[in-house]
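Here is a walk through one model, starting from its ligand and working outwards to the sheets. Have a look at it first.

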Amino acid sequence: MTMDRTIRTAGELVGAGLVGAADEQAIARVASRYAVAISPTLARLIDRDDPHDPIARQFVPDAAELTLAPEERADPIGDGAHSPVAGIVHRYPDRVLMKAVHVCPVYCRFCFRREMVGPQGLGTLTPAELDAAVAYIAAHPEIWEVILTGGDPLVLSPRRLGEIAKRLGKIDHVKIVRFHTRVPVVEPDRIDAELIAALKVSGKPTYVALHANHPRELTTEARGAAARLIDAGIVMVSQSVLLKGVNDDADVLAELMRAFVEMRIKPYYLHHPDLAPGTSHFRLSIEEGQALVASLRGRVSGLCQPTYILDIPGGHGKAVIGASAIEAEGGGCYTVSDFRGNKHAYPPKD
Ligand code: SF4
């Protein structure tokens, strides 16, 4: 079958050969609970013959999502606790999240906001809510950076994105506008001259953080979309989630981070998976994550090193959770481990 539109239902997943007919009912139950969307670009990337395909694992619903673990929660990173007005999360003094839209071009099965996004989610800000969100930012001179996330802000039309960018551009104390998106990977053709012009904020740097988790997502088309953004003067960073069965492998992670750097995208965050409902099959232990991140040291250039972070449940912000290479021995002496795991005294004893 041709795949020229986004797959959204269990029946369409079966029709596209992504789910077996025997599983249709269970998958329909998952889809009635958590939004499903697989763009044509992604559907074409999935290898139907590989039962462990890393693209399928990220986007094709799985009956395991119906299993809730006791530690999971609807709002794992605590957005609600820090939302002074609709669409704004003000967790850190100098920056806010602005969630103008709770729709995504694809729905990740491990999504940390899966209870908020999708057709049954929080929707799009009304004009009055958007006015109130912009007024909140304007009234708080400590806000240096506005991070548009959601949902995926790049699903908005260039006209609406341009309006938001213009309004933020007029607030003197906002110096940086950052968009978090999957669009360059999942709908690369959307990144055209009109959309790029809309993202640029007059007199202020625009940053775009690209979410991708496996090197196979970084196709020629995705690379072209990122190049168009960067050539237009937009700075790009990456964010990835460390996911069991997708990228919990030192070679895959190294290839992903190198690919970002080759695309002129600086690896930024590698997130430990959040405690989102029905996602325990994606979670690895912190120790496993630390070992994988440590394996990147020495193996790939310093440019390719992401920061391994955990969003502390309850809304307490991000913590850097990579294992430390240095241990205090007292008296100003330390033991430091090199990238091969060999230990050295600091300062040297001889
Ligand atoms: S793109 Fe982001 S917000 Fe949307 S489903 Fe994926 S993780 Fe969730």
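Which space is taken by the ligand? The answer is the largest pocket. A molecule counts as sitting in a pocket if more than half of its atoms lie within 2 Å of the grid points. This is a predicted model, in which local features need pLDDT of at least 70 and side-chain atom pairs count only at pLDDT 80 or more, while totals for chains, interfaces and linings use all residues. Residues are numbered from 1 along each chain as its sequence is written, and side-chain values use heavy atoms, with hydrogens and water left out.

**The ligand and its pocket**

Around the ligand you'll find Cys104, Val106, Tyr107, Cys108, Cys111, Gly151, Arg182 and His211, where being near means having a heavy atom within 4 Å. By class, that shell is 5 nonpolar, 2 polar and 1 charged. Here Ala, Val, Leu, Ile, Met, Phe, Trp, Tyr, Cys and Pro count as nonpolar, Asp, Glu, Lys and Arg as charged, and the others, Gly among them, as polar.

The largest pocket itself has 39 lining residues, and those nearest its centre are Phe112, Arg113, Thr149, His180 and Gln239. Several strands contribute: strand 1 (88-92), strand 2 (95-99), strand 3 (145-149), strand 4 (176-181), strand 6 (235-241) and strand 7 (266-271) each supply at least two residues of the lining. Strands (E, at least two residues) and helices (H or I, at least four) are DSSP runs numbered from the N terminus.

**Pocket and cavities side by side**

Besides the pocket, a search of the whole structure turns up 2 cavities of 30 Å³ or more. Both kinds of space come from a 1 Å grid over the protein atoms alone: a cavity is a set of points where a 1.4 Å probe fits but cannot get out, a pocket is an open set with protein on both sides within 12 Å along at least five of seven lines, and lining residues have an atom within 4 Å of a point. Points are joined across faces, edges and corners, and the volume is the space filled by probe spheres set on them.

| Space | Volume | Lining by class |
|---|---|---|
| Largest pocket | about 770 Å³ | 20 nonpolar, 10 polar, 9 charged |
| Largest cavity | about 50 Å³ | 6 nonpolar, no polar, 2 charged |
| Second largest cavity | about 40 Å³ | 5 nonpolar, 1 polar, 1 charged |

Tyr107, Cys108 and Cys111 turn up again in the lining of the largest cavity, having already appeared around the ligand. The rest of that cavity lining is Tyr34, Ala35, Arg109, Arg114 and Val117. The second largest cavity is lined by Ala100, Thr124, Leu125, Leu130, Leu156, Arg160 and Ile164.

**The two sheets**

Strands of a sheet pair through backbone hydrogen bonds, either parallel or antiparallel. An open sheet of 9 strands runs in the order 1-2-3-4-5-6-7-8-9, with mixed pairing; two strands pair if DSSP finds at least two bridges between them. Strand 1 and strand 9 (318-320) are at the edges with a single partner each, so one side of each has no neighbour in the sheet. From one strand to the next, the twist averages 25°; axes are lines fitted to C-alpha atoms, and angles run from 0 to 180 degrees between N-to-C directions. Strand 7 pairs with strand 8 (307-311) in the parallel sense over 3 bridges, and Tyr269 stands opposite Thr307 in strand 8.

The other open sheet has 3 strands in the order 10-11-12, and its pairing is antiparallel. Its edges are strand 10 (326-330) and strand 12 (343-346), each with a single partner strand, so one side of each is left without a neighbour. Neighbouring strands here are turned by 25° against each other on average, direction ignored. Strand 11 (333-337) pairs with strand 12 in the antiparallel sense over 4 bridges, with Ser337 opposite Lys343.

**Backbone oddities**

Where are the cis peptide bonds? One joins Gly150 and Gly151, with omega about 15°. Gly151, one of the residues around the ligand, lies in the loop between strand 3 and helix 6 (158-169). Another joins Tyr346 and Pro347, with omega about -5°, and Pro347 belongs to the segment after strand 12. Finally, Arg264 has a positive phi of about 70° although it is not a glycine; Arg264 is in the loop between helix 10 (250-262) and strand 7.
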